[in-house]
Amino acid sequence: MAHHRDQVKAKKHLGQHFLKDENIAKKIGDTLTLNGYKKVLEIGPGMGVLTKYLLQKKVETYVIEIDTESVEYLQANYLNLAPRILEKDFLKYNLNEVFNDEPFAITGNFPYNISSQIVFKTLEMRNQIPEFTGMFQKEVAQRICSKEGSKVYGIMSVLTQAFYDAEYLFTVPPSVFNPPPKVDSGVLRLIRKENFTLPCDEKLFFKVIKQGFQQRRKTLRNSLKTFNLSDNLKANSIFGQRPEQLNVQEFIELTQLIENDNN
């Protein structure tokens, strides 16, 4: 197998930073538990440093890559992978053209500029994605995994943890990438909760969280004014709190209160 690391140049506009450390690539591959799915999709494989460890596992590996140069490199160097290389934009592509409603896991060294959008698309497809692991900018990974009361706890933390158990696994220094990013990276794992259906209106739940955190310094009584809450409801002590003080369960209860108040 040809190993010309310089065959693909990292492209700034795609947020590419190629991982060059084999140990870390293997370690990221090993974050997958392989429970509850037989297929895995790697986003942004670049030159396949992580891909080759995925190909050794008892799952069928697919990769999705927007960069033509990387796709050509993978096709030339990973012949057995060729039929499962999708030259597509993950954010725009309908994955069921490949996965037909079957479960699959997601992993990757995610391009920093779209990492949050990758998480939101995963949440939309959570019925099919029992597990999600991968590398983000460290502060994004920490935010996704943070608990209530933390300064970085926010919209992404609550929405992700409503459906997944989130765990921050390890930190990766800039020096193991080409070109090195300006910040540390962090690897996390999300495992879907057994019971991941919300016991409240999902659209309202998302709305309440977004509205609450848009003015995170204010109490919920003030930030949720647009919901036209009754005085009776506003007297409830939960509205005296700020959004970062509420855990997922409390946000669900808050949504139920607003739902009942509006009916």
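Trainee: How are helix α6 and helix α7 packed?

Mentor: In this predicted model, α6 (residues 138–145) and α7 (residues 155–163) pack at an angle of about 55°. Their axes are 7 Å apart.

Trainee: What makes α6 oblique to α7?

Mentor: Set the angle against the cut-offs. Roughly parallel needs an angle under 35 degrees, and roughly perpendicular needs 65 to 115. The angle here is about 55°. It fits neither class, so α6 is oblique to α7.

Trainee: Which residues meet there?

Mentor: V140, R143, I144 and C145 of α6 meet M156, S157, T160 and Q161 of α7.

Trainee: Why is α8 called roughly perpendicular to α11?

Mentor: The axes of α8 (residues 202–214) and α11 (residues 248–262) cross at roughly 110°. They come within 9 Å. The class roughly perpendicular runs from 65 to 115 degrees. The crossing therefore makes α8 roughly perpendicular to α11.

Trainee: Which residues of α8 and α11 meet?

Mentor: On the α8 side they are L204, F205, V208, I209 and F213. On the α11 side they are V248, F251, I252, L254, T255, I258 and E259.

Trainee: Now α1. Which of its residues are buried?

Mentor: In α1 (residues 22–29), the buried residues are I24, A25, I28 and G29.

Trainee: How do you know that they line one face of the helix?

Mentor: Look down the axis of α1. The buried residues fall within an arc of 145°, so they line one face. There is a general reason for such patterns. An α-helix has 3.6 residues a turn, so residues three or four places apart point the same way.

Trainee: What do the buried residues of α1 pack against?

Mentor: Their partners are β1, α2, β5, β6, β7 and β9.

Trainee: What caps the N-terminal end of α1?

Mentor: D21 does. One of its side-chain oxygens lies 2.9 Å from the backbone nitrogen of N23.

Trainee: Why does K39 count as buried?

Mentor: Buried means under 20% relative accessible area. K39 has 12%, so it counts as buried. It sits in strand β2 (residues 39–43).

Trainee: What does the side chain of K39 make a polar contact with?

Mentor: The side chain of E102, at 3.3 Å. Beyond four places in sequence, the contacts of K39 include V59, Y62, F99 and F104.

Trainee: Is N232 buried or exposed?

Mentor: Exposed means over 50%. N232 is at 68%, so it counts as exposed. This residue is in helix α10 (residues 231–234).

Trainee: What is notable about phi in L34 and N228?

Mentor: Neither is a glycine, but phi is positive in both: about 65° in L34 and about 50° in N228. Most residues other than glycine have a negative phi. L34 lies in the loop between α1 and β2. N228 is in the loop between α9 and α10.

Trainee: Why is L34 called partly exposed, and why is N228 called exposed?

Mentor: Partly exposed is the range between under 20% and over 50%. L34 is at 30%, so it is partly exposed. N228 has 64%, which means exposed.

Trainee: Which peptide bond is cis, with omega near -10°?

Mentor: The bond from N178 to P179. P179 is in the loop between β8 and β9.

Trainee: How confident is the predictor?

Mentor: The mean pLDDT is 92, and 95% of residues reach 70 or more. Over residues 1–6, pLDDT stays under 50.

Conventions. Residues numbered from 1 in each chain as written. Predicted model: local features only at pLDDT ≥ 70, side-chain atom pairs only at ≥ 80, totals over all residues. Heavy atoms only, no water. Buried < 20%, exposed > 50% of the residue type's maximum accessible area, 1.4 Å probe, protein only. Helix = DSSP H or I, 4+ residues; strand = E, 2+ residues; numbered from the N terminus. Arc of directions from axis to C-beta. Contact = heavy atoms within 4.5 Å. Polar contact = N/O pair within 3.5 Å; in protein donor to acceptor, adjacent residues only side chain to side chain. pLDDT = per-residue confidence, 0-100. Axes fitted to C-alpha atoms, helices over the stretch in contact; angles between N-to-C directions. Parallel < 35°, antiparallel > 145°, perpendicular 65-115°, else oblique.
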